[in-house]
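User: Please take a close look at the strands of chain B and what surrounds them. Keep it brisk.

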Amino acid sequence: MTLFSFLQFAFIQKALIAGIFIGLLCSVLGLFLVLRRLSLIGDGLSHISFGAVALGLFFGFYPIYVAIPVVILGSLVILKISEKAKVYGDTAIGIVSAFGISGGIILASLSHGFNVDLFSYLFGNILSISTSEMILSIILSAMVILVILFFFYDLFSVSFEEEYAKTTGIKTNAINTLLVILAAVTVVLAIRIVGIMLISSMLILPAATALQIAKSFKGALLVSALIACFSVIFGIIISFLLDLPAGATIVLLGGLIFIAAFAYRKIFS
Amino acid sequence: MSIVSIKNLNINFGSLDVIHNISFDVDEGDYVGLTGANGAGKTTLLRAVLGLEKIKSGSIKLFGTEFNNFSNWQNIGYLPQNISSFNPLFPATAGEVVGLGLLSQKKFPRIINRRDHEKILNTLKMFGIENLKDRPVGELSGGQQQRVFLARAMVSEPKLLLLDEPSTALDPATREIFFETIGKLNKAKKVTIILVTHDVGSVGHYANRLLYIDKRVIFYGKFSDFCSSADMSSYFGSSSQHIICHQHDKI
């Protein structure tokens, strides 16, 4: 087998294509979330998606189709709690994610049958992605990236200084709502790559790494996107060659790149 | 036409009366020094003009339009009080930050184009900071950041400039240049300015009108009238009034 002969396998091709799209999406959206100090929303939404996937499996629906509306609803509830109740955003995330996890555990316990399927969503496996899942990932990722591009400067301004953004006529509440909805869709899409347990790291690691070395906002976006693509491509290749779990390998590679970028900044700046 | 017209404005923070029945008008070309003691409601009043505070009652008109119907945000430039409230790790360059001031002119989808980049560069030049264009704003000194944020407020060529304690992060020399620049904008470009400051003694040096508040309007008029006002003499005490006006004379 030559060095790149594994690329002839259809499952590797599908994994790479879907992974690159979702990785790009996570890296771009993750930068906005990290800069708005909303990194933990990825964790909270992944916990909700756990409950949503369990709900889908319990009633015999395709879990991702159930997870998308449920997680979007959860993201809006987080936003409303942090706006209306006298709590900070992280507390609102904690409240809503508790419902997701506890609901998922109860459904798994009641079903007695789908625990194995649920575990596959907990840890993900992009190498087993189907053609229809790949197409769904591409379409939804492209749609979310397009929305981000259309609202790029609105998101940039609100992320930099929300009150000032309001004085330039930007509807900041609408932009905040848009951001959490996009985060919800992204989290559900990333379930198949890295699993529920590691989704937030797909959002955080490329962005956090880019912040170590980038000197401009557009530069940070570019670096974040490149790091995500690199992690996904080489994570999939390494996991295939060494027979390791793909999601964990992608995330671990992302973590190592962060350490390298951190060391680079400490040494050279 | 008044640029800003406020009628019977009341703002509460819970049970606390912060702004009590305030009314005043600011005309085109005015340079108003908005001053008062700590907790007098200066910043709250300025933020109310921008729609950043929820008002209990009263009306605010901007450029003759009721606030709820107002949409010409490109006519307003704003320099917030706490410029350091942004995330210092945010990797935006000075040029990118100034560009955010142009979004008020844009319709959806908002895009910064090549002509906008020229405007950004020209505005940075106006404040003598074009060399900072590609520097991350979080790495700049307080005075440099202040000028970047002022450039952001000015890049859309607003007709009304709202400045909230703009000189706090500046050293005396930079402060002098800053006020000189603002004064030129007011005189040469007829930009209407409302400047919040706690320094009542020096504000008359820059502004042509003084608005002194203590939750309500205590005085609104020319600084010279403030110094000769018997009402102000009884409000402040004649010795305090003398100190304020003497400090102004020395400047």
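Analyst: What follows covers the sheet of chain B, then its hairpin, some backbone details and the contact with chain A.

This is a predicted model, in which local features need pLDDT of at least 70, side-chain atom pairs count only at pLDDT 80 or more, and totals for chains, interfaces and linings use all residues. Residues are numbered from 1 along each chain as its sequence is written, while chains are lettered from A and ligands numbered from 1 in the order in which they are written.

Confidence comes before geometry. The model scores ipTM 0.87 and pTM 0.88. In chain B the mean pLDDT is 87, with 93% of residues at 70 or more. pLDDT is the predictor's confidence in each residue, from 0 to 100. Among the elements of chain B, helix H2 (residues 94-100) has the highest mean, 96, and helix H9 (residues 238-250) the lowest, 64. Helices (H or I, at least four residues) and strands (E, at least two) are DSSP runs, numbered from the N terminus.

Now the sheet. Six strands of chain B form an open sheet in the order S6-S7-S8-S3-S9-S10, and the pairing is mixed. Two strands pair if DSSP finds at least two bridges between them. The edges are strand S6 (76-79) and strand S10 (217-221) of chain B; each has a single partner strand, so one side of each lacks a neighbour in the sheet. From one strand to the next, the twist averages 10°. Helix H4 (residues 142-154) of chain B lies across S6 and strand S7 (160-164), at about 165° to S6(B). Axes are lines fitted to C-alpha atoms, for helices over the stretch in contact, and angles run from 0 to 180 degrees between N-to-C directions.

At the S10 edge, strand S9 (residues 209-213) of chain B runs antiparallel to S10(B), joined by four bridges. B:Ile213 has B:Val217 as its bridge partner in S10(B). The loop between S9 and S10 of chain B holds B:Lys215. B:Lys215 is not a glycine, yet its phi is positive, about 70°. B:Lys215 is buried, with 20 other C-beta atoms within 10 Å. Buried means 20 or more other C-beta atoms within 10 Å of a residue's own, exposed 12 or fewer, and partly exposed in between, with C-beta atoms placed from the backbone.

The hairpin has its own details. Strand S1 (residues 2-13) and strand S2 (residues 16-27) of chain B run antiparallel, with eight bridges. B:Asn12 has B:Asp17 as its bridge partner in S2(B). Two residues separate S1(B) and S2(B), and B:Gly14 in the turn has a positive phi of about 65°. B:Asn8 is in strand S1 of chain B. Phi of B:Asn8 is also positive, near 45°. B:Asn8 is exposed, with 11 other C-beta atoms within 10 Å.

Helix H1 (residues 42-49) of chain B is mostly covered, with six of its eight residues buried. Among them are B:Leu45, B:Leu46 and B:Val49. B:Gly51 follows H1(B), with a positive phi near 80°. The peptide bond from B:Phe108 to B:Pro109 is cis, omega near -5°. B:Pro109 sits in the loop between H2 and helix H3 (114-126) of chain B.

Last, the contact between chains. Chain A gives 21 residues and chain B 24 residues. Contact means C-beta atoms, placed from the backbone, within 7 Å. Helix H7 (152-160), helix H8 (162-167) and helix H11 (217-242) of chain A each give two or more residues to the side touching chain B.

Conventions
Contact = placed C-beta atoms within 7 Å.
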